[in-house]
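Student: Please take a close look at a single part of this model and work outwards from there. Kindly explain each term where it is used.

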Amino acid sequence: MQVPCWKLLHGYAIYCPAKLRGRENAMRIDKRKVALVGCGMVGMSYAYCLLNQTVCDELVLIDINQKRAMGEAMDLNHGLAFAPANMEIYAGSYKDCRDADMVVICAGVAQKPGESRLALLKRNAQVFRSIIEPVTQSGFNGIFLVATNPVDIMTRITCELSGFNPGRVLGSGTALDTARLRYLLGEYLQVDPKNVHAYVMGEHGDSEFVPWSQAMVATIPILKLCGDVKRNFAENRTGEPVESQAGISVENRIGNSAAIQDGKGMTQQSAGISRPKLLEIAEQVKGAAYEIIDAKQATYYGIGMAMTRITRAVLGDENSVLTVSAMLKGEYGQRDVFAGVPCVINGNGIRRVLELSLTEEELEQFAASCRTLRESFEGVL
Ligand SMILES: NC(=O)c1ccc[n+]([C@@H]2O[C@H](COP(=O)([O-])OP(=O)(O)OC[C@H]3O[C@@H](n4cnc5c(N)ncnc54)[C@H](O)[C@@H]3O)[C@@H](O)[C@H]2O)c1
């Protein structure tokens, strides 16, 4: 006789019909499994965030330093009693990637003193060979997410070495840079960063840029808040504040502007937004990693949270828009290069690359960034 029962899944008791018992894999509510390769600062910040946000049900930790992976698994498991839901966490091997939904790579070697960028890239490409081969041999058939720097190049290497469809290989790209931009704009405009819609595009690095023509607060273009949308943004790079905004308090920028509510007279009433300040923010975003590394040797919490957000979009089949490193196939006039672009992310990885209506100047900036990325990739594999 078949007796129905209750099982504990994702921390909740769920009804498990007798006919499905013992065939849990056949159920839609499969365990969400992540295999993490590289248990350093970035990898473990990500793992800690997964645990605290209950993003997956099973997490396997893999590192060349197996003892470290084991210690990290123990440490996380000791926090389970305080976590929002249960999770299976253990140190494992590449064989454990077989049934993973995602393999997330944060493994890498640091630059040696005097080592060239290309030499470092070649060493990291070797590290990736030692990872991608056993992962694919395990039978893994999920989504790759890469964080190792230079992330756009390492994502391309992952795609080439795995032979996977590029839609299933994504890098963290400019997801973190975009979060930094929204945070800084939110601070400046006194608006919740979640209501700031702006992207950093291109290389996760020095050639990245902000397409200001696409930056919005709610549905209001930020350039409109500066006054003159039509003027070429580059004209103001070193210029004085464009409008009469100098000296206007932060409170007056957006917070109390009636113009925001009725959408009229915005250029006059919310003239607290200065273009030079926006460019300064873009530079701050670009320099953020250098500043943090100078202060505390490495950056890891922000990237850990950005990767958790991407993981959630994949495992939750969300169709969320995030700026990941994706292979371009003609979008923005570019192809055969991985670069940070806004993409629709779901359970299949990258469902599509969104093509924003960039200005000529922004398209040129994007092309220059892609050129840098192509040049960096040359001679690596
Ligand atoms: N994409 C981003 O926005 C972003 C942000 C911050 C850092 N990063 C990058 O993330 C990477 C990791 O940074 P970190 O601070 O965690 O470094 P880390 O040195 O703390 O950790 C690297 C880990 O990789 C492991 N590893 C090395 N070779 C390996 C191999 N062959 N197989 C398996 N594991 C191996 C090491 O044992 C170590 O645990 C770096 O490349 C860093 O530049 C990216």
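Tutor: Helices (H or I, at least four residues) and strands (E, at least two) are DSSP runs, numbered from the N terminus. The model is a predicted one: local features need pLDDT of at least 70, side-chain atom pairs count only at pLDDT 80 or more, and totals for chains, interfaces and linings use all residues. Residues are numbered from 1 along each chain as its sequence is written.

The starting point is Asp317, in the loop that joins α11 to β12 (320-329). Although Asp317 is not a glycine, its phi is positive, at about 50°.

On one side of this loop lies helix α11 (residues 301-315), whose axis comes within 9 Å of the axis of helix α5 (residues 175-189). The two axes cross at roughly 110° (axes are lines fitted to C-alpha atoms, for helices over the stretch in contact, and angles run from 0 to 180 degrees between N-to-C directions). α5 and α11 are therefore roughly perpendicular to each other (under 35 degrees is roughly parallel, over 145 roughly antiparallel, 65 to 115 roughly perpendicular, the rest oblique). From α5, the residues Ala175, Leu176 and Ala179 meet Gly302, Ile303, Ala306 and Ile310 of α11 (contact requires C-beta atoms, placed from the backbone, within 7 Å). Sorted by class, this contact of α5 with α11 holds six nonpolar residues, one polar residue and no charged ones (Ala, Val, Leu, Ile, Met, Phe, Trp, Tyr, Cys and Pro count as nonpolar, Asp, Glu, Lys and Arg as charged, and the others, Gly among them, as polar).

On the other side of the loop that holds Asp317 is β12. Nine bridges pair β12 with strand β13 (residues 335-346) in the antiparallel sense (pairing requires at least two DSSP bridges). Within this pairing, Met327 has Phe338 of β13 as its bridge partner. The hairpin of β12 and β13 has five residues between the strands, and Gly330 in this hairpin takes a positive phi near 105°. β13 in turn runs antiparallel to strand β14 (residues 349-353), to which four bridges join it. Cys343 is bridged to Val353 in β14, and the hairpin of β13 and β14 has two residues between the strands.

Further along the chain is helix α12 (residues 360-377), whose axis comes within 10 Å of that of α4 and crosses it at roughly 55°. α4 and α12 are therefore oblique to each other. Their crossing is right-handed (the near helix is turned from the far one by less than a right angle, clockwise for right-handed and anticlockwise for left-handed). Leu373, Ser376 and Phe377 of α12 meet Asp152, Ile153 and Arg156 of α4. The residues of this contact of α4 with α12 comprise three nonpolar, one polar and two charged.

Helix α4 (residues 151-162) also packs against helix α3 (residues 117-137), with axes that come within 9 Å and cross at roughly 40°. That angle makes α3 oblique to α4, and α3 passes α4 in a right-handed crossing. The α3 side of the contact consists of Leu121, Asn124, Ala125, Phe128, Arg129, Ile132 and Thr136, which meet Ile153, Met154, Ile157, Thr158, Leu161 and Ser162 of α4. Eight nonpolar residues, four polar residues and one charged residue make up the contact of α3 with α4. Ile153 is thus found in the contact with α3 and in the contact with α12.

The loop between β7 (143-146) and α4 contains Pro150. The peptide bond from Asn149 to Pro150 is cis, with omega near -10°. Asn149 is also among the closest residues to the ligand, together with Gly40, Val42, Ala107 and Gly108. In total, 30 residues surround the ligand (each has its C-beta atom, placed from the backbone, within 6 Å of it). The elements that give two or more residues to this shell are α1 (41-53) and α3. The shell around the ligand has 17 nonpolar, 11 polar and two charged residues.

A further set of strands may be added for reference. β9, β10 and β11 form an open sheet in that order, with antiparallel pairing. β9 (196-197) and β11 (220-221) stand at the edges with a single partner strand each, so one side of each has no neighbour in the sheet. Two bridges pair β9 with strand β10 (residues 216-217), and the partner of Val196 in β10 is Val217.

How values were computed: Two residues are in contact if their C-beta atoms, placed from the backbone, lie within 7 Å.
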